[in-house]
Amino acid sequence: MTPFSQHSLTALKETVTGSVVLPEDASYNEVRKIWNATIDKHPAIIVQCGAAEDVPKALHFAREQGLEVSVRGAGHNIAGNAVCEGGIMIDMSNMTQVRVDAANKIAYAEPGATLGDIDKATQQHGLATPLGINSTTGTAGLTLGGGFGWLTRQYGMTVDNLLAVDLVTADGRQLRASEQQNSDLFWAIRGAGGNFGIVTAFEYQLHPVGPEITAGLIVFPIAQAKRVLQQYRAYMDSAPEELNIWVVMRKAPPLPFLPEDVHGKEVAVLAVFYAGDPTEAERLIAPLRDFGTPYGEHIGVQPYVEWQQAFDPLLTPGARNYWKSHNFTELNDPALDIMIDYTHSLPSPQCEIFIGMIGGAANRVDSNAMAYGHRDARFVLNVHARWDEAAEDKTCIAWAREFFKASAPYASAGVYINFMTEEEGDRVKAAYGPNYDRLVQLKRQYDPGNLFHLNQNISP
């Protein structure tokens, strides 16, 4: 049973437009679940917000009861900071509305909206903004940590396309932050996540995209990975920014276009995306096939929203996940060798090493324009350990940590904050580099008591 008086609970329930979930409620165990199954925490109370006005009420209750505060968007963050042990979880996952102003190319999204929610709404008008690659990812956490995806080479990071936010500060004030209003807070929000408040609305700049694009996969044997990656590296140096290609090294899933005897073998995959004329796409993609002798390929014109869902089956909720990440300004041969070596020792069929290319428009933003400052990074590497059983925890986590350590000498400065796990607090200063001191000053101004500390925390 909860430790709160019936009077205080009743008052909260009567005040919020959403719902209040307690450990004794039948829905509690389902509501407290998040995407990463290695996270198993038990809040004392969950407030499922139905509107922005519920947030200051939930914060008031937290302060009154002396509760630790966690904030959930869609609950996809790898570190699991959305849920706390014994505190209050302010859950925004039911606030999923997206509105599009097509004439001005702006999307307005609530904090529980996923990539799929935003893509569905914006693509009705042939518009999109740079987001991630998995449609179930929450846009709130992704945005506040930087955000990148297939459109980043052409249109920049997600934060580069954020126009404004509405948020609630630690003292319960509801503010608007943009380049014109509370600009210092807006500077901090773009990359420093939930350290400064709880965002209740996002405004994004949209761009003409689709509704159809050209995309797909070319799958090579891992034995050919070195020369495939070397040619990929050279090719992308001069490729147009409408073209983005990521590399995934893993065991081949049972894709229908691959021979059955390839399923389960280690492979190097080029994931290809082109947001332009299909005829030009074929001209640009053709040379990729000659990087090696592919096991198979599946590339074609398809709706942008379908491509945004293509990796969903590999990223379903309920599995156990552990990530490590590096930024790279270049991929030299020793770094490629290490990536390939560790692909030969994948501890589970779901583990993978991926290289996301972000070089392009994102590199043309000043490093001090906002809290996210890694403007020299051309690639983000994620070692993604994923498995099903708790008995495999030690093996899979050790593999990820060992690869991370072995590849570190070839990485550039900084780290992508959204890929950091819970125990990596010592990397926060490196994640923000020269922008860190200014962030500390702003933290002292907006959250001097560090109420919002369940994040990659900037301590005041």
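Does Asn-182, at 31% relative accessibility, count as buried, partly exposed or exposed, and where should one look to decide? Please select this residue in the predicted model. Asn-182 counts as partly exposed, because its relative accessibility is 31%, and partly exposed covers the range between under 20% for buried and over 50% for exposed.

**First stop: two residues with positive phi**

With Asn-182 still selected, follow the backbone on either side. The residue sits in the loop between strand S9 (174–178) and helix H7 (183–192). Its phi is positive, about 45 degrees, although Asn-182 is not a glycine.

Next, select Lys-105, in the loop that links strand S5 (98–101) to strand S6 (106–109). Lys-105 is likewise not a glycine, yet has a positive phi of about 55 degrees. Its relative accessibility is 31%, so Lys-105 counts as partly exposed.

**Second stop: a cis peptide bond**

Move to Pro-211, in the loop between strand S11 (207–208) and strand S12 (212–221). Display the backbone atoms from Gly-210 to Pro-211: the peptide bond joining them is cis, and its omega is near 10 degrees.

**Third stop: strand S4 and its partners**

Select residues 88–91, which form strand S4, and show the side chains. Ile-88 and Ile-90 point one way, while Met-89 and Asp-91 point the other way. All of these residues are buried, Asp-91 included. In a regular strand, side chains alternate between the two faces of the sheet.

Now add strand S2 (residues 45–48), which runs parallel to S4 and is joined to it by four bridges. Within this pair, Ile-46 of S2 stands opposite Met-89 of S4.

Then add strand S3 (residues 69–72), which also pairs with S4 in the parallel sense, over four bridges. Here Val-71 has Ile-90 of S4 as its bridge partner.

**Last stop: helices H1 and H3**

Finally, select helix H1 (residues 6–15) together with helix H3 (residues 54–65). Their axes come within 10 Å and cross at roughly 165 degrees. The two helices are therefore roughly antiparallel to each other, and their crossing is right-handed.

To view the contact itself, display the following side chains:

- from H1: Ser-8, Leu-9, Leu-12 and Thr-15;
- from H3: Lys-57, Phe-61 and Gln-65.

Colouring these residues by class shows three nonpolar, three polar and one charged in the contact of H1 with H3.

Methods
Residues are numbered from 1 along each chain as its sequence is written. This is a predicted model: local features need pLDDT of at least 70, side-chain atom pairs count only at pLDDT 80 or more; totals for chains, interfaces and linings use all residues. Side-chain values use heavy atoms; hydrogens and water are left out. Axes are lines fitted to C-alpha atoms, for helices over the stretch in contact, and angles run from 0 to 180 degrees between N-to-C directions. Angles under 35 degrees count as roughly parallel, over 145 as roughly antiparallel, 65 to 115 as roughly perpendicular and the rest as oblique. A crossing is left-handed if the near helix is turned anticlockwise from the far one by less than a right angle, and right-handed if clockwise. Contact means heavy atoms within 4.5 Å. Ala, Val, Leu, Ile, Met, Phe, Trp, Tyr, Cys and Pro count as nonpolar, Asp, Glu, Lys and Arg as charged, and the others, Gly among them, as polar. Buried means under 20% relative accessible area, exposed over 50%, partly exposed in between (1.4 Å probe, protein chains only). Two strands pair if DSSP finds at least two bridges between them.
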